[in-house]
Amino acid sequence: YSFSKDNNSSVANTVFGGLICDLRDLNACFGPSDFDIRHLFNANAVVELPFGRGKWLGAGAAGWVNEIIGGWQVSGIVTARSGLPFSTTTGSFPVGFVFDSPAVQTGPAPIGAVNTTGPNVTFFSGSASDLGFVNPQPGTIGQRNTLRGPSFWNTDLGLAKNFALPWEGQRIQLRADSFNAFNQNFFANPSANINSSTFGRITASASAPREIQFALRWDF
């Protein structure tokens with residue numbers, strides 16, 4: 001569990017990032033950092049299977065049998081996190097500047113949920129006006145990072161077979177690794193421009209398709 005807040009999450013005050021929303025009020029855009037992951041879980045394990053000489057199963061296996069059933073390892077990494085914060089945009093306020101003011105939020109921040117039942121993948125149940133977002137008026141700034149995107153989880157798995165070499169401390173390892181092993185698709189943040197017809201629509205993924213790689217490794 002963590003919580004990070006700032007005025008802007010860029011590391012430098014340049015025309016491409018790190019801009020202060022309002023020099024008269026440094027807290028105008030104070031809110032959750034772009035990288036604020038409220039809940040994050042990571043777990044990893046490497047398990048040597050109990051097969052082969054000196055193990056639970058096949059403790060007295062002959063040499064050639066041990067080469068087949070012994071030396072197997074299973075590994076995995078599981079990651080799960082809550083959604084990332086993001087701001088609405090207007091696409092036009094202020095005109096001609098790199099900074100795009102967030103919309104003014106007139107009610108409580110809506111809680112989105114991925115909906116795949118229609119022709120498009122959507123995140124909000126209504127239009128921007130239905131949810132209480134309006135364009136900022138001259139001299140006003142909207143609220144930053146009050147929305148949360150979809151959650152995310154991923155599982156990577158690996159299977160390895162070790163072959164002991166006659167020289168001390170050396171082995172050959174054959175392994176196969178699967179990234180996003182269950183080939184799950186998790187959605188990225190939705191379009192947040194309140195003046196766009198695509199507001200609330202999700203058109204990208206936060207996850208990559210499953211990848212499998214094979215490797216030969218010599219430890220010495």
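In what order do the five strands of the open sheet follow one another? The points below take up this sheet and then a surface patch.

1. The structure is a predicted model. Its open sheet of five strands runs in the order β3-β4-β9-β10-β11, and the pairing is antiparallel. The edges are held by β3 (40-48) and β11 (211-219); each has a single partner strand, so one side of each has no neighbour in the sheet. On average, and with direction ignored, neighbouring strands of this sheet are turned by 15° against each other.

2. At the β3 edge, the pairing with strand β4 (residues 72-81) is antiparallel and comprises nine bridges. Within β4, V78 is the residue that stands opposite A43.

3. Strand β4 also pairs with strand β9 (residues 152-164), again in the antiparallel sense, over 10 bridges. W72 has K161 in β9 as its bridge partner.

4. At the β11 edge, nine bridges join β11 to strand β10 (residues 171-179), and the two run antiparallel. One contact to inspect in the model is that of F179, whose bridge partner in β11 is E211.

5. A separate feature is a nonpolar surface patch of about 310 Å², made by I20, L23 and L26. I20 lies in the loop between β1 (5-6) and β2 (31-32). Is I20 buried, partly exposed or exposed? With a relative accessible area of 34%, I20 counts as partly exposed. Patches are made of residues with over 30% relative accessible area, so the value of 34% places I20 above that cut-off.

Key: Residues are numbered from 1 along each chain as its sequence is written. This is a predicted model: local features need pLDDT of at least 70, side-chain atom pairs count only at pLDDT 80 or more; totals for chains, interfaces and linings use all residues. Side-chain values use heavy atoms; hydrogens and water are left out. Patches are made of residues with over 30% relative accessible area and no salt bridge: like charges are joined within 9 Å, nonpolar side chains (Val, Leu, Ile, Met, Phe, Trp, Tyr) within 5 Å. Accessible areas come from the Shrake-Rupley method with a 1.4 Å probe; for residues, only the protein chains shown count as cover. A salt bridge is a side-chain nitrogen of Lys or Arg within 4 Å of a carboxyl oxygen of Asp or Glu. Helices (H or I, at least four residues) and strands (E, at least two) are DSSP runs, numbered from the N terminus. Buried means under 20% relative accessible area, exposed over 50%, partly exposed in between (1.4 Å probe, protein chains only). Two strands pair if DSSP finds at least two bridges between them. Axes are lines fitted to C-alpha atoms, for helices over the stretch in contact, and angles run from 0 to 180 degrees between N-to-C directions.
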